[in-house]
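Reader: I should be grateful for a close look at the helix packing in this model. Please state the cut-offs behind each term.

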Amino acid sequence: MNYKRARIYKKNEVSFSRFSCKYFSDVIAALSEHQKNVIRSYDFGSLLLFDSSYVLIKFATWIAKHVDYKSSEIILSNKVISVSKDSVSTIFGLPQGGLQFSRDFESGKKFILSKYGLSDLPSVRFFGDQFIKKEQISDDKVITSFLIVALASFLCPNSSLTPSTKYLTVFEDIENLRNYDWSKFIYDWTMTFLKKFFKSNNLGGCLFYWAVSIFFLYFLL
């Protein structure tokens, strides 16, 4: 699905988090076939199918304004469409059920710092630019760096330029990545930012989810 560039919003209009599907698309385009196969081997190949540089932000915002976060439903006239971790799994093809993401955020942060030989968490571009610059990295760093970019710029963005420590613990055991409930984590993240949206007028989380959910879920009813 292709999207046109959204216009720049004025200061008194809705603002947005660090969502950047353009950068995520650039990273995907830079992947070698071997790196794509590594990502597929961990059951995250569905993320490689994303090929759009832009999301209709104005439309995503309009949909978000019609969500009742208490009932987790999109309400449009007489049409009610449920949003849930099941719909997240359907749209993104990500694992659901299984392990919950650990809340030992400091442990995950320390692991990533040690793995990459860093003293402070770098920006998301540190991880994505490894692919864009065609750097030679190990397979375990391929899946780790790719998923960090996917989370920070696309699936679970926030207002920071650095990855959130809330999801870094899953990378401590990459062989277990597919056994986590990714769909629930992304759903919870999205709904948390939706609640904030009605108070701050700042739409966070995955805008792509809101932009396509109305089309995707409508035809599944």
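Author: The following account takes up the packing of helix H7, and then a salt bridge in one of its partners.

This is a predicted model, in which local features need pLDDT of at least 70, side-chain atom pairs count only at pLDDT 80 or more, and totals for chains, interfaces and linings use all residues. Residues are numbered from 1 along each chain as its sequence is written, and side-chain values use heavy atoms, with hydrogens and water left out.

Two packed helices are described by the angle between their axes and the distance between the axes. Helices here are DSSP runs of H or I with at least four residues, numbered from the N terminus. Their axes are lines fitted to C-alpha atoms over the stretch in contact, and angles run from 0 to 180 degrees between N-to-C directions.

Helix H7 covers residues 139-155, and its axis comes within 9 Å of that of helix H6 (residues 124-132), crossing at roughly 125°. H6 and H7 are therefore oblique to each other; angles under 35 degrees count as roughly parallel, over 145 as roughly antiparallel, 65 to 115 as roughly perpendicular and the rest as oblique. The crossing of H6 and H7 is left-handed, a term used if the near helix is turned anticlockwise from the far one by less than a right angle. On the H6 side, the contact (heavy atoms within 4.5 Å) involves Val-124, Phe-127, Gly-128, Gln-130 and Phe-131, while H7 contributes Val-142, Ser-145, Phe-146, Ile-148, Val-149 and Ala-152. These residues comprise 8 nonpolar, 3 polar and no charged. In this division, Ala, Val, Leu, Ile, Met, Phe, Trp, Tyr, Cys and Pro count as nonpolar, Asp, Glu, Lys and Arg as charged, and the others, Gly among them, as polar.

H7 also packs with H1, at an angle of about 160° and with the axes 8 Å apart. H1 and H7 are therefore roughly antiparallel to each other, and their crossing is left-handed. Cys-21, Tyr-23, Phe-24, Val-27 and Ile-28 of H1 meet Phe-146, Val-149, Ala-150, Ser-153 and Phe-154 of H7. The residues of this contact divide into 9 nonpolar, 1 polar and no charged.

Within H1, the side chains of Lys-22 and Asp-26 form a salt bridge, with an N to O distance of 2.9 Å. The term requires a side-chain nitrogen of Lys or Arg within 4 Å of a carboxyl oxygen of Asp or Glu. Lys-22 and Asp-26 lie about one helical turn from each other because they are 4 residues apart in H1 (residues 21-30). Across the whole structure, the search finds 6 salt bridges.

Notes
Helices (H or I, at least four residues) and strands (E, at least two) are DSSP runs, numbered from the N terminus.
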